[in-house]
Amino acid sequence: MPEETFAEEEVTYTLEVQGRFIIIEHVPARVSLQTGERFFSPDTVEQLQTIVWDEKVPSRVVETPVFEFPRA
């Protein structure tokens with residue numbers, strides 16, 4: 001099995017909390033070049049949690065369309 005290779009990158013982290021979507025840009029991560037999986041340091045995870053739960057004023061707000069997947 002070939003060894004996995006990683007690159008240090010800045011990524012956009014998104015999540016949904018209580019029906020609200022939150023986007024956090026420029027988050028440092030180690031990204032697998034084979035799978036695209038992202039890994040965050042414990043310090044980065046702590047900072048992400050602080051941003052989400054402290055409900056600080058965002059840098060900007062974006063509007064985005066929402067679609068429903070058609071049911072069979």
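# Exercises on a predicted model

In the hairpin that β1 and β2 form, two residues sit between the strands, and Q18 takes a positive phi near 50 degrees there. The structure is a predicted model, and the exercises below work through its sheet, its helix and its empty spaces.

## Exercise 1: the hairpin and positive phi

Task: Establish where Q18 and H26 are placed, whether each is buried or exposed, and what sets their backbone apart.

Solution. Begin with Q18, which is placed in the loop between β1 and β2. Its relative accessibility is 71%, and because exposed means over 50%, Q18 counts as exposed. Next consider the backbone: Q18 has a positive phi of about 50 degrees although it is not a glycine. As background, most residues other than glycine have a negative phi.

Then turn to H26, which belongs to strand β2 rather than to a loop. H26 also has a positive phi, near 65 degrees, and is likewise a residue other than glycine. With a relative accessibility of 56%, H26 counts as exposed, because this value is over 50%.

## Exercise 2: the sheet

Task: Work out the strand order of the sheet, which strands lie at its edges, and which residues stand opposite R30.

Solution. Three strands make up an open sheet, their order is β1-β2-β3, and the pairing is antiparallel. The edge strands are β1 and β3 (38-39), each of which pairs on one side only.

Now take the pairs one at a time. Strands β1 and β2 run antiparallel and are joined by 11 bridges, whereas β2 (residues 20-32) pairs with β3 in the antiparallel sense over two bridges. For R30, which is in β2, the residue opposite is E8, and R30 also stands opposite F39 in β3.

## Exercise 3: the helix and the sheet

Task: Describe how α1 is placed against the strands, using T44 and L15 as examples.

Solution. First the elements: α1 lies across β1 and β2, and it runs at about 170 degrees to β2. T44 is part of helix α1 (residues 42-54), while L15 lies in strand β1 (residues 6-17).

Second, look at T44. Its relative accessible area is 10%, so T44 is buried, as the cut-off is under 20%. Its side chain makes a polar contact with the side chain of S41 at 3.0 Å, and, when residues up to four places away in sequence are not counted, T44 touches V27 and P28.

Third, look at L15, which is partly exposed because its relative accessible area of 23% falls between the limits for buried and exposed. Once neighbours within four places in sequence are left aside, L15 is in contact with R20, F21, I22 and V52. For L15 and V52 the separation in sequence is 37 residues, and the C-alpha to C-alpha distance is 9.3 Å.

## Exercise 4: a buried serine in β2

Task: Decide whether S32 is buried or exposed, and list what S32 reaches.

Solution. S32 is found in strand β2. Its relative accessible area is 2%, and S32 is therefore buried, since the cut-off is under 20%. The side chain of S32 reaches the backbone nitrogen of Q34 at 3.2 Å. Leaving aside neighbours within four places in sequence, S32 is in contact with E4, T5, F6 and E37.

## Exercise 5: pocket and cavity

Task: Describe the largest pocket and the largest cavity by their volumes and their lining residues.

Solution. Start with the open space: the largest pocket holds about 790 Å³. It is lined by 19 residues, of which F21, I22, I23, P58 and R60 are the closest to its centre. Each of β2 and α1 supplies at least two residues of this pocket's lining, and β2 gives the most, with seven residues.

Then consider the enclosed space, where the count comes to one cavity of 30 Å³ or more. The largest cavity contains about 30 Å³ of space, and its lining is made up of V17, Q18, R20, I22, V52, W53 and E55. Here too β2 and α1 each supply at least two residues.

Finally, link this result to the earlier exercises. Q18, the exposed loop residue, is one of the residues that line the largest cavity, and V52, which also lines that cavity, is in contact with L15. I22 lines the largest cavity and is among the residues closest to the centre of the largest pocket.

Technical notes: Residues numbered from 1 in each chain as written. Predicted model: local features only at pLDDT ≥ 70, side-chain atom pairs only at ≥ 80, totals over all residues. Heavy atoms only, no water. Helix = DSSP H or I, 4+ residues; strand = E, 2+ residues; numbered from the N terminus. Buried < 20%, exposed > 50% of the residue type's maximum accessible area, 1.4 Å probe, protein only. Polar contact = N/O pair within 3.5 Å; in protein donor to acceptor, adjacent residues only side chain to side chain. Contact = heavy atoms within 4.5 Å. Pairing = 2+ DSSP bridges. Axes fitted to C-alpha atoms, helices over the stretch in contact; angles between N-to-C directions. 1 Å grid on protein atoms, 1.4 Å probe; cavity = no way out; pocket = protein on both sides within 12 Å on 5 of 7 lines; lining within 4 Å. Points joined across faces, edges and corners; volume = space filled by probe spheres on them.
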